[in-house]
Amino acid sequence: MKQKKKILALALAFAMVATIAAPATQAIAAKSSSVTADETEEEFVVSDGVLTAYNGAGGSVTIPSTVTKVAASAFSGNPSITSVSFSSSVKTIAAGAFSSCTNLSSVSVPSTVTSVGSGAFSGCSSLSSVSYSSSSFPSSVFSGCSSLSSFSVPSGASSIPSSAFANCSNLSSVKLGSVSSIDFSAFSGCSNLTSISVSGSYSSSDGCVYSGTTLVYVPMGKSSVSIKSGTKKIGTGAFSGCSMTSLTIPSGVKTIASGAFSNSSTGTTTIPASVTSIGSQSGWSVSLIKGKAGSEAQTYANNNNIPFEATSGSSSSDDDDDDDSSSSSSDDDDDSSSSSSSSSSSGSSSGSSGASSDPSSPNYYGVEVVSGIDDTIETKTIEVADDQEPFTRKEMKQYIRWNKKYNISFETEDGIMVKFAKGSMSLVDDIDKYDMRVNLILKYKKRTVDADEMNSKNFAFELDYYYEGELPATAYVYVPIGTKYAGETLYYYMCEDDQLENISYGTVTDDGYLVVSQNHCSNYVGLSEGIHVKDGTPTTADGFDIRYLLIIAVAAIGGYLLIIRRNGRYA
């Protein structure tokens with residue numbers, strides 16, 4: 001009888017373990033069955049042509065021919081790889097795919113790669129040899145690559161986007177080819193850059209960049225510069241970050257734009273009598289201004305407590321030349337609701353490349369982290385109050401007429417600027433009212449979007465647009481995040497049904513702005529860390545922990561021993 005009770009107790013314990021463990025076993029089996037044959041490879045984790053992770057030993061890595069896309073952050077932070085080359089099957093390198101691979105020294109990106117995501121190779125501090133033939137050239141692509149000394153942008157790349165080479169401290173020369181737009185924040189922190197070669201919508205001379213007769217950018221590594229003859233204007237931000245012992249501006253230059261010398265040092269600066277307009281400059285260190293007595297140069301020096309030295313000679317005969325077209329007068333259609341101001345950006349922008357059909361692309365839904373509007377063109381600012389009524393179709397027609405000559409900026413009370421480049425705007429079919437209000441939320445507790453991946457530590461901001469649908473053009477949205485984020489990377493997500501989609505990211509400017517461009521409006525959030533989400537589901541999920549099964553087994557055995565003990569006591 002006693003032996004039968006022992007057998008019965010053991011059977012009960014076994015049944016308990018089997019009953020409790022069965023769901024866990026099924027879960028593990030289900031998870032195992034969902035893994036494709038490709039995903040079991042030791043070196044590359046590949047599913048449906050997408051390489052999502054690398055588990056190899058490092059060194060020289062060749063992406064296999066079974067791969068069509070390298071997923072976002074697939075190699076990010078891997079210190080073991082030293083070189084990467086791609087097979088012709090690879091069409092897409094997603095955002096941050098190789099970011100912070102600190103020992104990566106050589107990369108070869110062929111022309112067959114048609115889409116490269118933001119920051120794909122950012123933070124690769126050992127990267128010194130790059131063969132890059134893809135026409136896709138995104139923002140922050142080589143930012144922080146401090147060993148890169150020279151670079152040639154492929155001929156197929158039509159624009160240079162924000163922060164493309166930011167903080168490449170060893171970069172000395174860049175060949176840009178024929179490009180239609182340049183965001184000069186692409187070269188922020190390039191302290192040794194002395195030469196930029198460019199053609200197309202721009203020209204170059206003595207390593208500097210010109211747009212028509214306007215000097216728009218002087219590389220910050222130059223210790224001296226010879227401004228080319230025929231230049232009529234020094235554009236905003238042209239000398240930003242430069243340090244020189246002396247500078248001579250040639251006769252014929254008529255305008256020095258606001259901010260042309262902001263945050264620069266030019267020592268003794270000679271300004272000719274042909275200059276009739278000098279805008280305000282912030283952080284300009286100049287020890288002495290030389291110029292003709294009674295000239296605009298002396299007026300500026302006196303007004304700003306800068307030592308002035310009069311020079312002999314008369315003004316240049318070039319004074320009777322026409323003014324630069326960028327210094328246009330106020331439009332006849334001006335009214336009290338609008339005022340003219342200079343754009344806060346630096347340089348000209350990269351154009352939006354349009355929405356991608358790939359949800360993991362940085363510009364899915366027409367969103368791309370970029371920076372800039374051409375600030376050599378005057379900007380008209382329309383103030384948007386918190387209780388502002390939507391602009392009518394008639395009012396928007398007026399702004400579109402202005403847009404033929406000016407950039408247009410809608411500025412909210414929160415300091416958000418929604419800007420449209422000159423000549424880009426048009427009416428949107430089936431939209432009669434244009435509500436340009438935007439609600440900026442900087443406190444986590446006040447957010448309207450509630451996604452599981454967000455928390456008080458990674459939340460930076462939320463943008464709640466009143467506008468719905470397609471915008472009158474690609475809008476450049478300047479979001480005032482605050483200087484506490486200056487120089488940091490923020491990640492920008494679109495929100496639908498409290499799910500985060502469409503990762504993009506960019507570097508916050510020194511004055512605290514994150515700049516994005518988009519063609520449509522929705523709700524967006526900015527986070528201080530990247531949360532990789534696809535179709536609303538986190539890419540990583542916790543599986544069943546085998547330790548739980550061991551705990552269950554121990555508990556069952558304990559129960560069995562307790563039954564035996566009691567049976568022995570009452571036998």
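Reader: Which residue in β33 is the bridge partner of Val418?

Author: The partner is Val477. This is a predicted model, and in it strand β30 (residues 417-420) runs antiparallel to β33, with 3 bridges joining them.

Reader: What makes β30 and β33 a pair of strands?

Author: The number of bridges does. Two strands pair if DSSP finds at least two bridges between them. Here 3 bridges join β30 to β33, so the pair meets the cut-off of at least two.

Reader: Which other strands pair with β33?

Author: Strand β32 (residues 438-441) pairs with β33 in the antiparallel sense over 4 bridges, and Val438 has Tyr465 of β33 as its bridge partner. Strand β36 (residues 513-527) is also antiparallel to β33, over 13 bridges. In that pairing, Gly469 stands opposite Cys521 in β36.

Reader: What makes you call strand β33 mostly covered?

Author: The count along the strand: β33 spans residues 459-480, and 16 of its 22 residues are buried. For a residue, that word needs a relative accessible area under 20%.

Reader: Why is Thr92 called buried?

Author: Thr92 has a relative accessible area of 16%, and buried means under 20%, so Thr92 is buried. This residue lies in strand β6 (residues 92-93). Leaving aside neighbours within four places in sequence, Thr92 is in contact with Thr68, Lys69, Val70 and Ser115.

Reader: And why is Tyr217 called buried?

Author: By the same reasoning: Tyr217 comes to 7%, and the limit is under 20%, so Tyr217 counts as buried. Tyr217 lies in strand β17. Beyond neighbours within four places in sequence, its contacts are Phe184, Phe187, Ile196, Cys208, Val209 and Ala238. Tyr217 and Ala238 are 21 residues apart along the chain, and their C-alpha atoms are separated by 4.2 Å.

Reader: How do you know that Asp206 forms a salt bridge with Lys222?

Author: A salt bridge needs a side-chain nitrogen of Lys or Arg within 4 Å of a carboxyl oxygen of Asp or Glu. The closest N and O atoms of Asp206 and Lys222 are 3.6 Å apart, so the pair passes the limit of 4 Å. The two residues are 16 apart in the chain: Asp206 is in the loop between β15 (203-205) and β16 (208-211), and Lys222 is in the loop between β17 and β18 (233-234).

Reader: What makes Asp206 partly exposed, and what makes Lys222 buried?

Author: Asp206 has 39% relative accessibility, which lies between the cut-offs of 20% and 50%, so Asp206 is partly exposed. Lys222 has a relative accessible area of 10%, under the 20% cut-off, so Lys222 is buried.

Reader: Why does the contact of Glu309 with Lys290 count as a salt bridge?

Author: Their closest N and O atoms are 3.9 Å apart, and the criterion is within 4 Å, so the pair qualifies. Glu309 lies in strand β24 (residues 308-311) and Lys290 in strand β23 (residues 285-292), so the bridge ties together parts 19 residues apart in sequence. Glu309, at 36% relative accessibility, counts as partly exposed; Lys290, at 25%, is partly exposed too.

Reader: How many salt bridges does a search of the whole structure find?

Author: It finds 3. Among them is the one between the side chains of Arg437 and Asp435, at 2.9 Å from N to O. Arg437 and Asp435 are both buried.

Reader: Which residues touch the most other members of the largest nonpolar core?

Author: They are Phe75, Phe98, Phe121, Phe165 and Phe187, in a core of 56 residues. Strands that each supply at least two residues of this core include β1 (44-47), β5 (81-86), β12 (173-179) and β17 (214-217). Another core lies apart from it, with 40 residues, among them Ile382, Ile416, Phe420 and Leu490.

Reader: What makes β3 and β9 edge strands?

Author: Each of them pairs on one side only. They belong to an open sheet of 4 strands in the order β3-β5-β7-β9, with parallel pairing. Within the sheet, β3 and β5 pair over 5 bridges, and Gly59 stands opposite Ile81 in β5.

Methods:
Residues numbered from 1 in each chain as written. Predicted model: local features only at pLDDT ≥ 70, side-chain atom pairs only at ≥ 80, totals over all residues. Heavy atoms only, no water. Core = buried A, V, L, I, M, F, W, Y, C linked by side-chain atoms within 4.5 Å. Buried < 20%, exposed > 50% of the residue type's maximum accessible area, 1.4 Å probe, protein only. Contact = heavy atoms within 4.5 Å.
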